[in-house]
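Reader: I have a structure open and do not know where to begin. Please take me through it feature by feature.

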Amino acid sequence: MRKAFCYIILIFTIGITHAQKNMAGFRIWEDSLIALRNQVMSEPDETNRMALNEDFMTLLEEVLQMPNSFQYRWDSIHNFAILASPDNLFKIFTWYIVKANYSIENFGFIQVYNEARKKYVLFPLYDKRSIIDFPKTLISNHNKWYGAVYYKMIPIKEKNTTYYTLLGWNGNNVFTNQKIIEILHFNKDMTPVFGARVFKGYPERVSRVILEYSKNAVLHLNYEDQQYWVSTGKFNPRTQESEYKLVNSPMIIFDELIPMEAGMENIAAYQVPESSLSQGFIEKEGQWHYMKRVRGTNPDKVKPDYQYKPIQIYNP
């Protein structure tokens, strides 16, 4: 197990100067990281798996500390996640390990530009879910990271602060999965801060949204353009009903969770998504405003033209 890592480090030492001078040289390290990550995922023994993960983290740290590493695109990665902020301020790398009891432990790095130091700096991320007492309200630095693997980033700005909204997945344990809406921003010294009070109108007072549901279910959490109904504030005397109009807007949209059976409302393992009942968040002035009911129809999806089909009547 360790021989493979020593071989990779040997290649790394020989080629580091070439990679610094030639951006294409980073492809070597990308391929090595993919191979090592595959080795981690396929290792059946947990002790060996965790040791290989340490090797992976060490190698990734070494690569990210190389000059010009931030400019590399990492376009072949498929077994761990990388998101880059649209303003080119930082990248966030995340991945997970399956433990022997089928729980998940998450890991990561933040690579961010520090203007005062005129260089990119690294912050390692270690999953601290097990020691966080109130995860939905916690606001803390990277040392108390509520782990997840992130797949989408949406920047929003409130006054002089940019909040990077991260959508993520956490395999959690043998009974439940989680989808996370995390908020990341940076202090003046460029240390990361996770969690922020930017969710307005949500049933709970939260700094991040944690949606926990049955392991056997699939919950959709996306950011996309949607059409939804809003009240015009007018009343139609002919129909005796309030008038509504369709509005197009990008939003965070997710399935509502409902219990499998009555009496199981507070048991996460028995919560399942109901795709016909959607909820969402719309950004307004740097905050996420909750919408309890979203009748979303994605306008980006082209609907097929209507075709008349005559009714088929069965004649015996």
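Author: What follows is a set of questions and answers on this model, which is predicted.

Reader: How many helices and strands are there in the protein chain?

Author: The protein chain holds 3 helices and 15 strands. Of its 316 residues, 45% are buried. Its accessible surface is about 17900 Å², and carbon and sulfur atoms account for 51% of that.

Reader: What share of the contacts join residues at least 24 apart?

Author: The share is 55%, taken among contacts between residues at least 6 apart in sequence.

Reader: How do I read a helix?

Author: An α-helix has 3.6 residues a turn, so residues three or four places apart point the same way. Take helix α2, residues 26-42. With 17 residues at 1.5 Å each, α2 should span 24 Å, and its end C-alpha atoms are 24 Å apart, so the two agree.

Reader: Which residues of α2 are buried?

Author: The buried residues in α2 are F26, W29, E30, S32, L33, I34, L36, R37 and V40.

Reader: What is in contact with M50, apart from its neighbours within four places in sequence?

Author: M50 is in helix α3. With those neighbours set aside, M50 has contacts with I97, E105 and F107. Its C-alpha atom is also 7.7 Å from that of V40, and the two residues are 10 apart in sequence. V40 is one of the buried residues of α2.

Reader: Is E61 buried, partly exposed or exposed, and where is it found?

Author: E61 is found in helix α3, which covers residues 46-64. Its relative accessible area is 32%, and because the range from 20% to 50% counts as partly exposed, E61 falls in that class. Beyond the residues up to four places away in sequence, E61 touches F109 and L122. E61 and P124 are 63 residues apart in sequence, with 8.6 Å between their C-alpha atoms.

Reader: What does the sign of phi tell me?

Author: Most residues other than glycine have a negative phi, and most peptide bonds are trans. M190 has a positive phi, near 70 degrees. Q240 also has a positive phi, near 60 degrees.

Reader: Where are M190 and Q240 placed, and is each buried or exposed?

Author: M190 sits in the loop between β8 (176-186) and β9 (192-194). Its relative accessible area is 13%, so M190 is buried. Q240 sits in the loop between β12 (221-236) and β13. Its relative accessible area is 54%, so Q240 is exposed.

Reader: What does L89 touch, not counting residues up to four places away in sequence?

Author: L89 touches F70, Q111, V112, Y113, Y120, Y164, F186 and M190. The last of these, M190, is the buried loop residue with the positive phi. L89 is itself in a loop, the one between β1 (81-84) and β2 (90-98). Its C-alpha atom is 9.9 Å from that of E115, a residue 26 places away along the chain.

Reader: How do I find empty space in a model?

Author: Rolling a probe the size of a water molecule over the atoms shows where empty space is left. Here the largest pocket has about 530 Å³ of space. The elements that give two or more residues to its lining are β11 (209-214), β13 (241-259) and β14 (271-284). The largest share comes from β13, with 6 residues.

Reader: Which residues lie nearest the centre of the largest pocket, and how do the lining residues divide into nonpolar, polar and charged?

Author: There are 23 lining residues, and those nearest the centre are K136, E212, L257, E265 and Q271. The lining divides into 13 nonpolar, 4 polar and 6 charged residues.

Reader: Is S275 buried or exposed, and in which strand does S275 lie?

Author: S275 lies in strand β14. Its relative accessible area is 56%, and the cut-off for exposed is over 50%, so S275 is exposed. S275 and F254 are 21 residues apart in sequence, and their C-alpha atoms are 8.3 Å apart in space.

Key. Residues are numbered from 1 along each chain as its sequence is written. This is a predicted model: local features need pLDDT of at least 70, side-chain atom pairs count only at pLDDT 80 or more; totals for chains, interfaces and linings use all residues. Side-chain values use heavy atoms; hydrogens and water are left out. Helices (H or I, at least four residues) and strands (E, at least two) are DSSP runs, numbered from the N terminus. Buried means under 20% relative accessible area, exposed over 50%, partly exposed in between (1.4 Å probe, protein chains only). Contact means heavy atoms within 4.5 Å. Accessible areas come from the Shrake-Rupley method with a 1.4 Å probe; for residues, only the protein chains shown count as cover. On a 1 Å grid over the protein atoms alone, a cavity is a set of points where a 1.4 Å probe fits but cannot get out, and a pocket is an open set with protein on both sides within 12 Å along at least five of seven lines; lining residues have an atom within 4 Å of a point. Grid points are joined across faces, edges and corners, and a volume is the space filled by probe spheres set on the points. Ala, Val, Leu, Ile, Met, Phe, Trp, Tyr, Cys and Pro count as nonpolar, Asp, Glu, Lys and Arg as charged, and the others, Gly among them, as polar. The expected span of a helix is 1.5 Å times one less than its number of residues.
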